[in-house]
Amino acid sequence: MDYAIVKWDFVDDNPAVSNYLQQMNNQTIIGGSGSGAIISSNGYIVTNAHVVEFSKMDDEQIAYAAFKQMVQGIADYFQVDVNAAYDYMIDYTQYVDIKRGLKVILPGGDVLDGEIKSYGAPINEGKDVAVLKIEGKNFPALKLGNSDDVQNQDNIWVIGYPAAADSDLLSPDSSLVSSMNTGHISAASKKTEQGSPVIQIDAAATHGNSGGTVIKAL
């Protein structure tokens, strides 16, 4: 879970907007989450770079993303045009503090601080791969495979924590239960526009699966 908390200073005397912001503690929380795989017993984790991209943004980028989210919330709450809300808030609001966090939630529910050790920028910028580190030892780890051994129509399993786990129909602890889908390798030798090799699969995967594990059957 990659997030930032942006604190706002609102300088107009509009009581309605002031009350709205006070209900939010004058702050906006932005971030993202995804899946990953522990690849070593001492806590190295592989995921997608876009899962942790907020940690790589500078303060201005974070503040702008948070501002847009805040403006959309104000537009929805007061039922006004989002562009009008933007033009109004840009004149009377500025960020005064940004706090960042990167947390790794283990399947058992333990929450640990994460640190980015390597970052390969999201698709269209890089290879969209990040390596994180959590403190600890004796973690169960997956063995990395060799992509040269992958062939079309190989059987695979995709494991992750899809966004469907956040449904209001499910209990909160359901977000800690992984989902598994089966599929096949559709193409083993494609590339991105930047030339990075990619493997195409036909297994269903939703947004929360980003960074999740693809396991090839032996």
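Colleague: pLDDT is the predictor's confidence in each residue, from 0 to 100. In which helix is confidence highest, and at what mean?
Modeller: This is a predicted model, in which local features need pLDDT of at least 70 and side-chain atom pairs count only at 80 or more, while totals for chains, interfaces and linings use all residues. Residues are numbered from 1 along each chain as its sequence is written, and side-chain values use heavy atoms, without hydrogens and water. The chain averages a pLDDT of 90, with 97% of the residues scoring at least 70. Confidence is lowest in strand E11 (residues 197-201), at a mean of 89, and highest in helix H3 (residues 82-92), at 97.

Colleague: How many helices and strands does the protein chain have?
Modeller: Both kinds of element are DSSP runs numbered from the N terminus, helices being H or I runs of at least four residues and strands E runs of at least two. The C-alpha trace that holds them spans about 65 × 40 × 35 Å along its principal axes. The count is three helices and twelve strands.

Colleague: What share of the contacts with a separation of 6 or more joins residues 24 or more positions apart?
Modeller: A contact means heavy atoms within 4.5 Å. In the protein chain, residues at that spacing of 24 or more account for 65%.

Colleague: How far apart are the centres of the positive and negative side chains?
Modeller: Lys and Arg count as positive, Asp and Glu as negative, with His and the chain ends left out. Each charge is placed at NZ of Lys, CZ of Arg, CG of Asp or CD of Glu. The protein chain has 14 positive and 27 negative side chains, and the centres of the two sets are separated by 12 Å.

Colleague: Which residues of strand E8 are buried?
Modeller: Buried means under 20% relative accessible area, exposed over 50% and partly exposed in between (1.4 Å probe, protein chains only); 32% of the 218 residues meet the buried criterion. In a regular strand the side chains alternate between the two faces of the sheet. Strand E8 (residues 130-133) is covered on both faces, with Ala130 and Leu132 on one side and Val131 and Lys133 on the other.

Colleague: What is the strand order of the open sheet of four strands?
Modeller: Two strands pair if DSSP finds at least two bridges between them. E4 (residues 44-47) runs antiparallel to E8 over four bridges, with valine 46 partnered by valine 131. E7 (residues 115-119) also pairs with E8 in the antiparallel sense over four bridges, tyrosine 119 having alanine 130 as its partner. The order is E3-E4-E8-E7.

Colleague: Why is one side of E3 and E7 left without a neighbour in the sheet?
Modeller: The sheet is open and its pairing is antiparallel. Strand E3 (37-38) and E7 each have a single partner strand, so one side of each has no neighbour, because they stand at the edges.

Colleague: Is aspartate 2 buried or exposed?
Modeller: Aspartate 2 lies in strand E1 (residues 2-10). Beyond four places away in sequence, aspartate 2 touches ten listed residues, among them Ile30, Val52, Phe54 and Leu102. Its C-alpha is 7.7 Å from that of glutamate 53, at 51 residues' distance in sequence. With a relative accessible area of 1%, aspartate 2 is buried.

Colleague: Which glycine takes a positive phi in the hairpin of E5 and E6?
Modeller: E5 (residues 93-105) pairs with E1 over nine antiparallel bridges, and with E6 (residues 111-113) over three, also antiparallel. Isoleucine 105 has valine 111 as its bridge partner in E6. Five residues separate the strands of the hairpin, and the one with phi near 105 degrees is glycine 109.
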